[in-house]
Amino acid sequence: MKALMKALWIALGLGLGLAACGEKPQTSGTRKADLSPVQGTADVAYTAPGWKAGDAASWEAQMKARAQFGQNEYSRSSAP
């Protein structure tokens, strides 16, 4: 009887251990954008001043300015 209980506990432990390894990947598949980033949003509160929605050249200029001045820590920090 003890040997049977021990075997059942071992089988239960192995079963739970293997069940923890069986998780499926949680990917959403391919990402599909409704509009291109150049089109922008309908909400004016989230647009940068001077940017024209739908104008690719204006979009590129805004992205270049943002990368150079807004998100560049070297240009934002003061020199010691």
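In the predicted model, Ala 61 is partly exposed, with a relative accessibility of 46%. This value falls in the intermediate class because residues count as buried under 20% and as exposed over 50%. Ala 61 is placed in helix α2, which covers residues 56-70. Its C-alpha lies 8.7 Å from that of Trp 51, and the two residues are separated by ten positions in sequence.

Ser 58 also belongs to helix α2. In contrast to the partly exposed Ala 61, Ser 58 has a relative accessible area of 8% and is therefore classed as buried, the cut-off being 20%. When neighbours within four places in sequence are set aside, the contacts of Ser 58 are with Gly 50, Trp 51 and Lys 52. Trp 51 thus appears twice in the description of this region, once as a contact of Ser 58 and once in the C-alpha distance to Ala 61.

The protein as a whole contains three helices and zero strands, and the order of elements from the N terminus is α-α-α. Of its 80 residues, 4% are buried. The accessible surface amounts to about 7,600 Å², and carbon and sulfur atoms account for 62% of that area.

Helix α1 spans residues 2-20. Its 19 residues extend 27 Å from the first C-alpha to the last, close to the expected 27 Å at 1.5 Å a residue. The number of buried residues in α1 is zero, so the helix lies largely in the open. Trp 9 is located in this helix and is exposed, with a relative accessible area of 59%; the assignment follows because the threshold for exposure is 50%.

Trp 9 is also part of a nonpolar surface patch, together with Met 1, Leu 4, Met 5, Leu 8, Leu 12 and Leu 16. The combined accessible area of the patch is about 850 Å². In an α-helix there are 3.6 residues a turn, so residues three or four places apart point the same way.

Confidence varies along the model. The mean pLDDT of the protein is 78, and 86% of the residues reach 70 or more. Helix α1 has the highest mean, at 86, whereas the lowest, 67, is found in helix α3, residues 73-76. The helix with the highest confidence is accordingly the one that contains Trp 9.

Terms used. Residues numbered from 1 in each chain as written. Predicted model: local features only at pLDDT ≥ 70, side-chain atom pairs only at ≥ 80, totals over all residues. Heavy atoms only, no water. Patch = residues over 30% accessible without salt bridge, like charges linked within 9 Å, V, L, I, M, F, W, Y side chains within 5 Å. Areas by Shrake-Rupley, 256 points an atom, 1.4 Å probe, with all protein chains shown as cover. Salt bridge = Lys/Arg side-chain N within 4 Å of Asp/Glu carboxyl O. Helix = DSSP H or I, 4+ residues; strand = E, 2+ residues; numbered from the N terminus. Buried < 20%, exposed > 50% of the residue type's maximum accessible area, 1.4 Å probe, protein only. Contact = heavy atoms within 4.5 Å. pLDDT = per-residue confidence, 0-100. Expected span 1.5 Å × (residues − 1).
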